Amino acid sequence: MGGVTRISVMLVCLLAGVVFPTRAEDPYLYFTWNITYGTLAPAVVPQQVILINGEFPGPNINSTSNNNVVINVFNNLDEPFLFHWAGIQQRKNSWQDGVAGTNCPIQPGTNLTYKFQVKDQIGSYFYYPSLGMHRAAGGFGGLRINSRLLIPVPYADPEDDYTLLAGDWYTKSHSTLAKLLDSGRALGRPQALLINGQNAKGDGTDQPLFTMLPGKTYKYRLCNVGLKNSVNFRFQNHQMKLVELEGSHTVQNVYDSLDVHLGQCFGVLVTADQEPKDYYIVVSSRFTKTTLTGKGIIRYVNGKGPAAPEILEASVGWAWSLNQFRSFRWNLTASAARPNPQGSYHYGQINITRTLKFVNTVSRDNGKLRYAINGVSHVDSETPLKLAEYFGIGDKFFKYDTIPDEPPANLGTAVTLAPNVIKFTYRTFIEIIFENQEKSIQSYNLNGYSFFAVAIEPGTWTPEKRKNYNLLDAVSRHTIQVFPKSWAAIMLTFDNVGMWNLRSEIAENRYLGQQLYISVPTPEGSLRDEYNIPENALLCGAVVGLPKPAPYW
């Protein structure tokens with residue numbers, strides 16, 4: 001513009017009466033949730049459950065990319081409470097993540113308003129209560145993010161969009177389960193497997209979970225909200241076309257059944273192309289000595305006849321599941337939350353800055369059960385880690401890089417109990433290896449990010465294994481399963497400032513220490529990198545009464 005400044009041009013235009021268009025703020029969705037206990041019998045036995053506005057499961061959040069979600073949560077329980085929004089990246093905003101390391105809990109008889117934006121995301125997710133063993137009592141619900149109208153999705157609009165929240169279920173109360181773990185004992189086997197909080201009896205009295213018009217195609221969002229087991233989803237006499245996985249459009253392969261591991265959500269299309277009558281949705285536990293099965297009814301509109309008792313059995317063993325994982329591919333030509341194709345991000349061409357290898361272990365020293373990562377079993381502090389760090393007193397509660405990037409050579413079953421925090425430099429591209437030397441399957445979730453799941457293989461990882469990585473079209477997602485005596489590799493850029501939880505999705509393991517936090521600090525203390533602490537943020541522990549740090553600009 002030569003010697004003319006942008007400000008002087010604006011002044012001239014303003015004096016001339018030119019109106020500058022302003023960017024309209026993205027739409028807001030408002031919710032008020034009352035959290036209460038109730039007595040239901042989802043697995044025959046009457047028990048205490050957690051209700052949201054009287055509902056179990058809780059209400060679906062139906063949002064669109066970039067919507068602002070505002071939820072006023074009233075805690076009417078007799079203990080502290082928090083919600084976590086699994087898979088929502090909370091860009092620059094770990095203040096709203098809702099886990100013990102970032103947030104003070106909502107005390108009984110009080111409320112907290114969450115406000116977050118589903119920024120640059122699409123896909124299928126769920127929310128749940130994150131403290132203690134609350135998730136064992138319910139309090140979870142579906143959270144979908146639809147694509148904006150201006151961005152086409154790679155399939156025709158379905159006739160309707162349904163959410164299936166399935167998972168194993170204990171008939172003991174959440175407080176009883178927590179006491180079991182506190183005493184150093186394991187949870188044992190769950191007693192049931194529920195689909196949307198229920199299980200069809202199959203005696204002709206069941207009401208349908210969903211209805212379908214003959215010839216129409218429906219989208220189903222399949223989520224494993226359980227505590228212990230991977231599950232297998234299948235639709236009686238119907239096939240599923242996988243179209244989305246944890247916020248990524250996928251290559252559209254067709255499956256008779258799908259393994260969905262703890263914390264994962266898949267989006268599938270199902271066409272009502274069979275004889276008009278009732279059919280079962282079937283979910284069964286995987287890799288367990290005793291198979292749990294849950295069923296629900298889908299009913300053709302104006303159909304006649306009950307669901308047939310014959311049900312397709314799930315495959316046996318984890319080799320089949322591993323091969324299914326390898327069939328999942330990123331749709332390189334589809335656009336997700338932004339107009340540019342997913343495949344325009346060439347993650348395989350980025351140089352790795354740092355490699356970390358995490359090995360999960362279990363300890364039974366002195367008859368007390370604990371789980372660890374690289375020999376450290378995480379314990380929460382009274383002051384959330386994020387708040388301690390923000391107020392400049394983090395060194396009183398934790399040390400960065402508690403564990404080394406490589407596990408100790410003599411890593412055994414002994415564990416150290418401590419807050420487990422790792423610091424990553426902003427915008428570094430990092431490779432993480434998860435190695436599972438146990439005999440049971442593992443499932444990990446990373447908050448604040450999605451990563452590229454580039455490999456899962458049997459055995460132990462060595463640098464030579466990188467030649468087997470999928471560096472072209474691995475799916476970008478936020479969970480990864482690790483099969484027994486196997487390893488998994490993920491890659492991602494840590495470009496989201498905040499304090500982020502990496503955890504085992506197995507409730508017992510997480511509760512007893514198999515988790516850690518990743519601190520990604522802002523290099524400049526700028527609003528460009530991180531939002532200021534919310535005005536309504538709850539304070540607790542050692543930060544109560546401390547002067548608030550200067551806001552970012």
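User: Where does Asn93 lie in the chain?

Analyst: Asn93 is found in the loop between β5 and β6. Strands, as used here, are DSSP runs of E with at least two residues, helices are runs of H or I with at least four residues, and both are numbered from the N terminus. A word on the background: this is a predicted model, where local features need pLDDT of at least 70, side-chain atom pairs count only at pLDDT 80 or more, and totals for chains, interfaces and linings use all residues. Residues are numbered from 1 along each chain as its sequence is written, and side-chain values use heavy atoms, with hydrogens and water left out.

User: Why does Asn93 count as buried?

Analyst: Buried means under 20% relative accessible area, while over 50% is exposed and anything in between is partly exposed (1.4 Å probe, protein chains only). Asn93 has 7% relative accessibility, so the residue counts as buried.

User: Which residues is Asn93 in contact with, leaving aside its neighbours within four places in sequence?

Analyst: Contact means heavy atoms within 4.5 Å. With those neighbours left out, Asn93 touches Lys115, Phe116, Trp500 and Tyr531. Trp500 is one of the buried residues of β32.

User: What makes strand β32 mostly covered?

Analyst: In β32 (residues 498-504), 7 of its 7 residues are buried. The cover applies to both faces: Gly498, Trp500, Leu502 and Ser504 are buried on one side, and Met499, Asn501 and Arg503 on the other.

User: How many bridges join β32 to β33, and how many join β27 to β32?

Analyst: Two strands pair if DSSP finds at least two bridges between them. β32 and β33 run antiparallel with 6 bridges, and Gly498 has Val520 in β33 as its bridge partner. Strand β27 (residues 442-446) is also antiparallel to β32, with 3 bridges; here Tyr444 stands opposite Ser504.

User: How do you know that Cys104 and Cys540 form a disulfide?

Analyst: The test is a pair of cysteine sulfur atoms within 2.5 Å. The sulfur atoms of Cys104 and Cys540 are 2.1 Å apart, and the pair forms a disulfide. Cys104 sits in the loop between β5 (83-86) and β6 (111-117) and Cys540 in the segment after β33 (515-520), so the bond ties together parts that are 436 residues apart in sequence. Both cysteines are buried.

User: Why is the disulfide of Cys104 and Cys540 called left-handed or right-handed?

Analyst: The torsion about its S-S bond is about -85 degrees, so the disulfide of Cys104 and Cys540 is left-handed. For Cys223 and Cys265 the torsion is about 115 degrees, so that disulfide is right-handed. The Cys223 and Cys265 pair links distant parts of the chain, from strand β12 (residues 217-224) to strand β18 (residues 265-271), 42 residues apart. Its sulfur atoms are 2.1 Å from each other.

User: What makes Cys223 and Cys265 buried?

Analyst: Cys223 has a relative accessible area of 0% and is buried. Cys265 comes out at 2% relative accessibility, so Cys265 counts as buried too.

User: How many disulfides does a search of the whole structure find, and what pattern do they follow?

Analyst: The search finds 2 disulfides. With bonded cysteines counted along the chain, the pattern is 1-4, 2-3.

User: What makes β2 and β6 edge strands?

Analyst: They belong to an open sheet of 4 strands in the order β2-β1-β4-β6, with mixed pairing. β2 (47-52) and β6 each pair on one side only, which makes them the edge strands. Inside the sheet, strand β1 (residues 28-40) runs parallel to strand β4 (residues 68-75) over 8 bridges, and Leu29 is opposite Val69 in β4.

User: Why is the chain called as compact as a globular protein of that length?

Analyst: The globule rule is 2.2 Å times the number of residues to the power 0.38, and the radius of gyration is taken over C-alpha atoms. For 553 residues the rule gives 24 Å and the radius of gyration of the chain is 24 Å, so the chain is as compact as a globular protein of that length. The chain holds 5 helices and 33 strands, and 56% of its 553 residues count as buried.
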